[in-house]
Amino acid sequence: MVLTNGNEIFNDARKGKYAVGAFNINDLEWTRGILAAAQETNTPILVQTSMGAAKYMGGYELCLHLVQDTIKSMGITVPVVMHLDHGNYEAAKECIEVGYNSVMFDGHDLPFDENLEKTKEIVKLAHAKGMSVEAEVGSIGGTEDGITGLGELADVEEAKTLASTGVDYLAVGIGNIHGVYPDNWKGLSFDRLQELAAEISTPLVLHGGSGIPKEQIVKAISMGISKVNVNTELQLAFAKATREYIEAGKDQDVDAKGYDPRKLLAPGTKAITDTTIERIKWFGTPSVK
Ligand SMILES: O=C(O)C[C@@H](O)[C@H](O)C(=O)COP(=O)(O)O
Ligand SMILES: [Zn+2]
């Protein structure tokens, strides 16, 4: 069984001081590109869909079938966790119903008590079906109304309380933000990560994994980060490779049928695979035995 829940993978990761990459898919090319990287490195991987990307692709059921069928057609043999990224309460329930392996219930914008209660409900529903759950404490910054924050820090007591619900992994703010980091970003807060890791044995999750220097990622993993989320870097890599193809005029080569999407999208898909492989190596994910 290739599709699996995250528990065993992540408990081993925290103990073994390595991380497993969680990569967002946006379409067939992303799905193939990411799965190819996992197979080539012979490592486990999380394929995750945000609510927006799932809507774009046609819904959670379609996304699950896309991943299942691509695994089959590509002959993928490494463990793959099909995960909902940043789901609200309804989305988490729907993905549990549909048969994802793992869901993130992101209640960070709710009052803390409501986030706690809803996290407990999702844990109960998911665990009854053998699925894993990620929760988020505090807020992970990003760009809102054109202003990019510098990254927030999770409250240690709130993080402890949320971890006590039995979630399988916990997303924490340690100065990380989504998207492209601004020039004046101060870097990850290793002091806060140390405080969190000392109190919480649950595997910790680093969101906003794109654009963080390798040394900081490696250090954070050595201190308790077991899952790293990456989206923007794959989007940038895909866009750059596609732009180079078009700027070289290859899409206008009628004889070579360079306009055929199977050719037009191939460099971008390869760039997704190459970037994913590079990140898997940074994260120290060991090969499957
Ligand atoms: O952008 C999304 O829809 C998914 C991201 O929030 C993902 O959870 C993540 O943390 C990746 O961050 P990024 O690498 O900075 O895009
Ligand atoms: Zn995220």
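What follows is a friendly exchange about how some labels in this predicted model were reached.

Reader: Let's start with the metal. What makes His86, His178 and His207 protein donors of the zinc ion (ligand 2)?

Author: Distance decides it. NE2 of His86, NE2 of His178 and ND1 of His207 lie 2.1 Å from the zinc ion. The cut-off for a donor here is 2.8 Å, so these atoms count. Along the chain, the donors follow the spacing H-x91-H-x28-H. His86 lies in strand β3 (residues 80-87) and His207 in the loop between β9 (204-206) and α9 (214-222), so this pair ties together parts that are 121 residues apart in sequence.

Reader: Why is the site of the zinc ion (ligand 2) called irregular?

Author: The site has six donor atoms, with angles of 67 to 168 degrees among them. Six donors count as octahedral if opposite donors are over 155 degrees apart and all others between 65 and 115, and anything else is irregular. The site was therefore classed as irregular under that rule. For reference, ideal octahedral angles are 90 or 180 degrees.

Reader: How do you know whether His86 and His207 are buried or exposed?

Author: By relative accessible area. His207 has 1%, and buried means under 20%, so His207 is buried. His86 has 22%. That value falls between the 20% and 50% limits, so His86 is partly exposed.

Reader: What makes the phi of His86 worth a mention?

Author: Its sign. His86, in strand β3, has a positive phi of about 50 degrees although it is not a glycine. Most residues other than glycine have a negative phi. Lys17 is another case, with a positive phi near 55 degrees. Lys17 sits in the loop between α1 (7-16) and β1 (20-24). With a relative accessible area of 54%, Lys17 passes the 50% limit and is therefore exposed.

Reader: Now to ligand 1. Which residues come nearest to ligand 1?

Author: There are 14 residues around ligand 1, and Asp85, Gly179, Gly208, Ser210 and Thr232 come nearest. The shell divides into one nonpolar, 12 polar and one charged residue.

Reader: How do you know that Gly179, Asn229 and Thr232 make polar contacts with ligand 1?

Author: Each has a pair of atoms to check. An oxygen atom of ligand 1 is 2.8 Å from a polar backbone atom of Gly179. Ligand 1 also has an oxygen atom 3.0 Å from a side-chain N or O atom of Asn229, and one 2.6 Å from a side-chain N or O atom of Thr232. A polar contact is a pair of N or O atoms within 3.5 Å, so these three pairs qualify. On its own, ligand 1 has 390 Å² of accessible area, and the protein covers 87% of that. The elements giving two or more residues to the shell are β3 and β10 (225-230).

Reader: One last pair, from helix α6 (residues 112-128). Why is Lys124 called exposed, and Glu117 given another label?

Author: Lys124 has 69% relative accessibility, over the 50% limit, so Lys124 counts as exposed. Glu117, also found in helix α6, has 42%, which lies between 20% and 50%, so Glu117 is partly exposed. As for their surroundings, the C-alpha atoms of Lys124 and Val167 are 9.6 Å apart, with their positions 43 residues apart along the chain. For Glu117 and Leu162, 45 residues apart along the chain, the C-alpha separation is 9.5 Å.

Note on methods. Residues numbered from 1 in each chain as written. Chains lettered and ligands numbered in written order. Predicted model: local features only at pLDDT ≥ 70, side-chain atom pairs only at ≥ 80, totals over all residues. Heavy atoms only, no water. Donors = N, O, S within 2.8 Å, 3.2 Å for Na, K, Ca; no water. Tetrahedral: all angles 85-135°; square planar, octahedral: opposite > 155°, others 65-115°. Helix = DSSP H or I, 4+ residues; strand = E, 2+ residues; numbered from the N terminus. Buried < 20%, exposed > 50% of the residue type's maximum accessible area, 1.4 Å probe, protein only. Near = heavy atom within 4 Å. Polar contact = N/O pair within 3.5 Å; in protein donor to acceptor, adjacent residues only side chain to side chain. Areas by Shrake-Rupley, 256 points an atom, 1.4 Å probe, with all protein chains shown as cover. Nonpolar A, V, L, I, M, F, W, Y, C, P; charged D, E, K, R; others polar.
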